[in-house]
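Reader: Could you take me through one part of this model in close detail? I'd like to hear what surrounds the bound molecule, and then how a nearby-numbered helix is arranged.

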Amino acid sequence: MDRHPNGVMGFAARVLVALALVAGAAGHVLAAEPVRLDGAVRQPLVFDDATLRALPKTSVAVDFETGKGREAGSYGGVLLWALVEKAGLQAGEGKNAALRRTLLVTGSDGYAVALAIGEIDPHYGGKPVLLAYESGEPAMPLDAPRLVVPGDAHGGRNVRGVVHIEVK
Ligand SMILES: Nc1nc2c(c(=O)[nH]1)N[C@H]1C(S)=C(S)[C@@H](COP(=O)(O)O)O[C@H]1N2
Ligand SMILES: [Mo]
């Protein structure tokens, strides 16, 4: 007798859980703030997951120490240099003035690191620093874009949840 109401409640509960999961999943996607790229560029740009995924993908291997131990794996995303090129780097005045430029990359929690443009310019360091949107093998999407600096021994420059890249 009371199996039926329980069954109905069970179904209703399952529908609510399913709705919550769908809303949660949708909220998850919307939760990732877009990344603003501005400062010394001709055209400030904003990148979201879709615009990043539409650009050529690069994958890099990482192996770094963190406060919680070693992390080895892979990340996929877009070359930071490609984003800067797209926005159009403004070099400024003087001999090799572009080499005075830096990129301040900031996460949603305010954590920030600086890179020199010469570190990523293919004419100089050419390091494949990424704005990554996926990681692992097989690749899983990240909650939010992450700066990935391959070759670093410590993970400190791999800014999670990047929201702003300022060319200074
Ligand atoms: N936004 C943000 N990114 C961050 C940090 C942080 O505090 N905030 N910590 C950094 C440090 S010190 C390390 S060691 C790595 C840790 O990487 P993990 O989060 O993959 O473990 O994240 C880096 N990226
Ligand atoms: Mo760290």
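Author: Happy to; here is the surroundings of the ligand, followed by one helix. Please keep in mind that this is a predicted model.

Let's start with ligand 1. Around ligand 1 there are 13 residues, and those that come nearest are Glu71, Asp109, Arg146, Asn158 and Arg160. Sorted by class, this shell holds 6 charged, 5 polar and 2 nonpolar residues.

Three of the side chains can be described atom by atom. In Glu71, a side-chain N or O atom sits 2.3 Å from an oxygen atom of ligand 1. Arg160 also has a side-chain N or O atom by an oxygen atom of the ligand, at 2.6 Å. With Asp109, the partner is a nitrogen atom of ligand 1, 2.8 Å from a polar side-chain atom. As for how much of the ligand is covered, ligand 1 taken alone exposes 530 Å², and the protein buries 80% of that.

Now to helix α3, which spans residues 80-87. Its buried residues are Leu80, Trp81, Leu83, Val84 and Ala87. Viewed down the axis of α3, these buried residues fall within an arc of 160 degrees, so they line one face of the helix. The spacing fits a general rule: an α-helix has 3.6 residues a turn, so residues three or four places apart point the same way. On the other side of α3 you will find Glu85 and Lys86, both exposed. Just after the helix comes Gly88, with a positive phi of about 85 degrees.

Technical notes
Residues numbered from 1 in each chain as written. Chains lettered and ligands numbered in written order. Predicted model: local features only at pLDDT ≥ 70, side-chain atom pairs only at ≥ 80, totals over all residues. Heavy atoms only, no water. Near = heavy atom within 4 Å. Polar contact = N/O pair within 3.5 Å; in protein donor to acceptor, adjacent residues only side chain to side chain. Areas by Shrake-Rupley, 256 points an atom, 1.4 Å probe, with all protein chains shown as cover. Nonpolar A, V, L, I, M, F, W, Y, C, P; charged D, E, K, R; others polar. Buried < 20%, exposed > 50% of the residue type's maximum accessible area, 1.4 Å probe, protein only. Helix = DSSP H or I, 4+ residues; strand = E, 2+ residues; numbered from the N terminus. Arc of directions from axis to C-beta.
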